[in-house]
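Let us walk through this model step by step, from its sheet to its charged pairs and its backbone oddities. Keep the structure open as you read.

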Amino acid sequence: MTLTTKDFDFDLPEAQIAQKPTEDRLAARLLKLDAQTGDYQDSMFEDLLTELNAGDVLVLNDTKVLPARLYGQKAETGGHVEVLLLNNTEGDQWECLVKPARRIKTGTKISFGDGRLQAVVTDELDHGGRMVTFSYQGIFLEVLESLGEMPLPPYIHERLEDKDRYQTVYAKEAGSAAAPTAGLHFTVDFLDQIKAKGVAIAYLTLHVGLGTFRPVSVENLADHQMHSEFYALDEKNAAIINQARQAGGRVVAVGTTAIRTLESIGQKYAGQIKADSDWTDIFIAPGYRFKVVDAFVTNFHLPMSTLIMLVSAFAGRQQVLAAYRHAVKAGYLFFSFGDAMFVKGPQYSGNPEA
């Protein structure tokens, strides 16, 4: 049996898709899953503290979400245009998604905010995206902050009143089109409690593109191509991770973006962690052998997405789907503002197709 995309499908009632964040970031539920045995246990997110050991290192993605959704008008016709910034490729040039795509051709000029921000489409991309070059007065991120909206996923229908609730408390490096949502559960006080237990904290950056979250459109997993995303790990934080590893501590990643960064570096350097910055299109699916990550925190993911495939690579497809079925039955909330899982190793070592 060869795994197909449909092997990662599951039934989820729409009512269990979280539409807004909890009042208290720590108020989420936490499903603990043992990748070796498949056993799972219900708990609350603050119980993560009991799962972390002195000597472990908790690795956080400090990317900051841009208010990347812009609404403007075509300069020639005044027609409404929606632009979603994905990747800053060079200077003021961005890879974007646009609506209505079929009417936005190379050479189209777009105006935002009474002309405070101007754009011209310079290329049409294979996946339906556009290359767009912006012009403006002042500092681009400040202009974007005043004109843009948070790029909430399409399954969230309620308006977000507080922009900061779609940012982690440690967000620092602006550049993401979506939040590293597993990190939304942490508070500054909770991170202090984790440090007080003797757990080291390390930071890396991966700027999240929307391709990470999309359902896979091909049937055969081998045919799927991930979009590239930029990552960076500096010398200081690489040293923190290596010190923990050398002392026998676990590398505990917060979110699939942190996992993909650590494994990209581990793959590049034969299992070693080194300071590095690059673009990654790593696709982690069953059969992949993890080189760096020993445990991780993650939210519940879309059916047939690369993210549930990644979790299944670590903990076994059948075990993950069994845990998901339990989560549905037990009323857990799913996706960006939903509840979380803690998945601990050693990683699943059975049949990759199971």
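Start at a single contact in this predicted model. Ala-253 has Phe-296 as its bridge partner in β16. That contact belongs to a pairing of β14 with strand β16 (residues 295-299), in which three bridges join the two and the strands run parallel.

Now look to the other neighbour of β14. Three bridges also join β3 to β14, again in parallel. Here Val-59 has Ala-253 as its bridge partner in β14. Ala-253 therefore has a bridge partner in β3 and another in β16, where a pairing takes at least two bridges.

Step on from β3. Strand β12 (residues 200-206) pairs with β3 in the parallel sense, over five bridges. Asn-61 has Leu-204 as its bridge partner in β12.

These pairings sit in a wider sheet. It is open and has nine strands, in the order β2-β1-β17-β16-β14-β3-β12-β13-β15, with mixed pairing. The edges are β2 (40-44) and β15 (276-280), each of which pairs on one side only. On average, neighbouring strands of this sheet are turned by 25 degrees against each other, direction ignored.

What covers the two faces of β14? In a regular strand, side chains alternate between the two faces of the sheet. In β14, Val-251 and Ala-253 lie on one side, and Val-252 and Val-254 lie on the other. All of these residues are buried, and both faces of the strand are covered.

Next come the charges. Side chains of opposite charge can pair when their charged atoms come close. How many salt bridges does the model hold? The count comes to seven.

Take Asp-56 and Arg-250 to begin with. Their side chains meet in a salt bridge, at 2.8 Å from N to O. The pair links distant parts of the chain, 194 residues apart. Asp-56 is in the loop between α1 (48-51) and β3 (57-61), while Arg-250 is in the loop between α4 (235-246) and β14 (251-254). Are these two residues buried or exposed? Asp-56 has a relative accessible area of 4%, so it is buried. Arg-250 reaches 19% relative accessibility and therefore counts as buried too, since the cut-off is under 20%.

A second pair is Glu-82 with Arg-69. Their closest N and O atoms are 2.7 Å apart, in a salt bridge. Glu-82 is in strand β6 (residues 80-90) and Arg-69 is in strand β5 (residues 69-74), 13 residues apart. Glu-82 is buried because its relative accessible area is 19%. Arg-69 is at 15% relative accessibility, so it counts as buried.

Glu-229 and Arg-260 make another salt bridge, with the closest N and O atoms 2.3 Å apart. This one joins a strand to a helix: Glu-229 is in strand β13 (residues 229-233), and Arg-260 is in helix α5 (residues 256-268). The two residues are 31 apart along the chain. Glu-229 and Arg-260 are both buried. Elsewhere, salt bridges that share partners join Lys-32, Glu-51 and Lys-344 into one network.

Turn finally to the backbone. Where do its cis peptide bonds fall? One runs from Lys-99 to Pro-100, with omega near -5 degrees. Pro-100 is in the loop between β7 (93-99) and β8 (109-112). Another joins Gly-345 and Pro-346, with omega about 10 degrees. Pro-346 is found in the segment after β17 (340-344).

Positive phi values appear as well. Asp-114 has a phi of about 55 degrees although it is not a glycine. Its place is in the loop between β8 and β9 (117-124). At 85% relative accessibility, Asp-114 counts as exposed, because the cut-off for that class is over 50%. Met-304 is also a residue other than glycine with a positive phi, near 60 degrees. Met-304 is in the loop between β16 and α6 (306-315). With a relative accessible area of 22%, Met-304 is partly exposed.

How values were computed. Residues are numbered from 1 along each chain as its sequence is written. This is a predicted model: local features need pLDDT of at least 70, side-chain atom pairs count only at pLDDT 80 or more; totals for chains, interfaces and linings use all residues. Side-chain values use heavy atoms; hydrogens and water are left out. A salt bridge is a side-chain nitrogen of Lys or Arg within 4 Å of a carboxyl oxygen of Asp or Glu. Helices (H or I, at least four residues) and strands (E, at least two) are DSSP runs, numbered from the N terminus. Buried means under 20% relative accessible area, exposed over 50%, partly exposed in between (1.4 Å probe, protein chains only). Axes are lines fitted to C-alpha atoms, for helices over the stretch in contact, and angles run from 0 to 180 degrees between N-to-C directions.
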